[in-house]
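Please open the structure in your viewer and keep the sequence beside it, since this tour moves from one selection to the next.

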Amino acid sequence: MNLKHWGKDLAGAAWLAVKIAVILLLMNSGRTFFVYQNF
Amino acid sequence: MFPGLDTGLSAHQGLFLNSWHFFAVAVLAVVCLRTIPVRYVRQAALMAFNVYFLSYFLYGWYPVLLLAGLLVGTYLIGLIKLKWGQNWPDGLVVGLVVLFWIFLFLVKDPRLLGPANPFHYYPVQLIGVSYLVFRSINYVVDVEILENRNFLTFVNFMIFFPTLLAGPIERYDRFEEFHSAFGYQEGPTVLPSLHRIANGLIKKFVLADNLMVFGIFMKPDQAELAWPLIWLGVMLQLAVIYLDFSGYCDLVIGLAALMGFPVCENFDRPYLARNVQDFWNRWHMSLTGFIRDYVFTPLSRLVMEKADRRRQFAWITAVYFFCMLLIALWHDTTWGFFVFGLLHGAALVGLQLFRKYLSPAIGRSGLASIRDEAAAAWAARALNYAFISMTILFWYFGVSGSLEIIKAMVRL
């Protein structure tokens with residue numbers, strides 16, 4: 001049970017690392033919509 | 001920059017949510033709020049982060065004074081209302097809510113009412129002013145039933161930095177509960193919150209910002225584009241706005257959860273909506289919920305109490321229409337948003353008429369059989385998506401510009 005829990009967390013962390021890599025590689029930092037709007 | 005959204009801020013002002021600077025502020029805020037056990041020190045630390053973040057969006061003393069006036073004014077009204085207790089007339093609450101709305105419209109559009117507008121000669125850019133005014137209304141209307149109404153809690157609620165720019169529109173009672181608690185953990189733990197933030201960054205800064213170039217926003221002469229490209233651009237823009245706004249909300253909700261403040265959800269797969277009412281129950285839900293609780297419900301109650309039974313349906317339909325117009329004008333007081341509100345209001349009224357007059361004619365079982373049909377459901381979703389996309393044109397291109405684009409779309 002504990003091992004399964006750790007495995008799940010580890011897989012989650014690895015998946016998060018992939019997402020972070022995607023963000024750092026593909027982020028378009030030219031605009032931020034919400035900074036400009038006057039809502 | 002999008003047409004119609006030029007607020008006078010240059011690209012060098014503000015604190016970008018995808019910057020390392022913001023990342024450092026966010027990490028520090030999470031660490032402080034999760035480790036400082038003394039309540040008032042923790043709350044003071046939150047105030048420091050809120051003020052630090054806010055300082056990047058206030059230019060000069062004028063917006064600072066206006067914000068201070070709004071905060072102190074709202075708090076004082078709350079104190080006076082509490083002191084008066086039962087003697088406080090209901091009409092005064094309505095009057096104050098109307099005044100808050102008028103204040104919002106006058107600040108947002110200094111041209112409104114010409115020289116009679118106090119902001120006509122001194123226009124001011126107050127970041128997130130629509131959200132600030134809604135929080136003020138929430139506080140003033142509900143002040144009697146709120147706990148911990150001290151000034152520190154109130155100010156932290158008003159300028160809570162994760163939700164400062166564009167919501168979600170949090171309510172005081174919910175905020176206060178987590179503001180007082182230490183190490184509160186509801187629902188998501190650290191890893192799910194980090195995933196939420198990462199999803200938000202991908203939706204907003206990877207997908208939306210990169211897709212933006214294919215949308216119709218960036219084309220100076222949209223109506224001159226080839227016909228399929230116009231359709232593609234117009235239909236893509238709702239997806240881009242959804243990714244942009246819901247991505248921002250994911251980022252905010254994830255960060256706030258890490259800080260110990262579970263913020264309310266703002267989206268529930270709006271692309272699955274089958275009609276306009278369904279759409280507004282899934283899109284910017286905190287805004288719809290606010291209008292429902294502070295405008296629609298009180299007005300409907302008034303109609304049920306005062307209006308003649310035979311005219312109640314007409315009045316309730318009018319209330320629907322009015323609420324839709326308010327939602328539109330809350331975004332901005334332009335003719336484009338006004339027409340957007342008219343169209344959505346008309347669609348909502350049409351839906352109520354359909355439910356009252358056509359549904360009984362078709363029959364409950366007949367209607368259910370159509371509704372259960374998968375093809376009918378997807379057709380309704382596609383039509384609704386197209387309708388929302390077309391009406392969103394009015395946000396960006398005004399009335400004449402949007403009509404030009406729509407004419408080009410239908411090849412008139």
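Which residue just after helix 9 of chain B takes a positive phi? In this predicted model, select B:Gly260, whose phi is about 95 degrees and which comes just after that helix.

Now step back along the chain and select residues 227-258, which form helix 9 of chain B, a run of 32 residues that reaches 47 Å from its first C-alpha to its last, close to the 46 Å expected at 1.5 Å a residue. Centre the view on B:Gln237, where helix 9 of chain B bends by about 30 degrees. If you then show the surroundings, you will find that helix 9 of chain B is largely enclosed by the rest of the structure, because 23 of its 32 residues are buried.

Next, select residues 39-55 and 151-158 of chain B, which are helix 2 and helix 6, and look at their axes, which come within 10 Å and cross at roughly 35 degrees. The crossing of helix 2 of chain B with helix 6 of chain B is left-handed. Show the side chains here: from helix 2 of chain B, B:Gln43, B:Leu46, B:Met47 and B:Asn50 meet B:Leu152, B:Val155 and B:Asn156 of helix 6 of chain B.

Finally, zoom out to the whole of chain B, which has 15 helices and 0 strands. Its radius of gyration is 23 Å, close to the 22 Å that the globule rule gives for 412 residues, so chain B is as compact as a globular protein of that length. Of those 412 residues, 33% count as buried.

Note on methods: Residues are numbered from 1 along each chain as its sequence is written. Chains are lettered from A and ligands numbered from 1 in the order in which they are written. This is a predicted model: local features need pLDDT of at least 70, side-chain atom pairs count only at pLDDT 80 or more; totals for chains, interfaces and linings use all residues. Helices (H or I, at least four residues) and strands (E, at least two) are DSSP runs, numbered from the N terminus. The radius of gyration is taken over C-alpha atoms; the globule rule is 2.2 Å times the number of residues to the power 0.38. A residue is buried if 20 or more other C-beta atoms lie within 10 Å of its own, exposed if 12 or fewer, and partly exposed in between; C-beta atoms are placed from the backbone. The expected span of a helix is 1.5 Å times one less than its number of residues. The bend at a residue is the angle between axes fitted to the seven residues ending there and the seven starting there. Axes are lines fitted to C-alpha atoms, for helices over the stretch in contact, and angles run from 0 to 180 degrees between N-to-C directions. A crossing is left-handed if the near helix is turned anticlockwise from the far one by less than a right angle, and right-handed if clockwise. Two residues are in contact if their C-beta atoms, placed from the backbone, lie within 7 Å.
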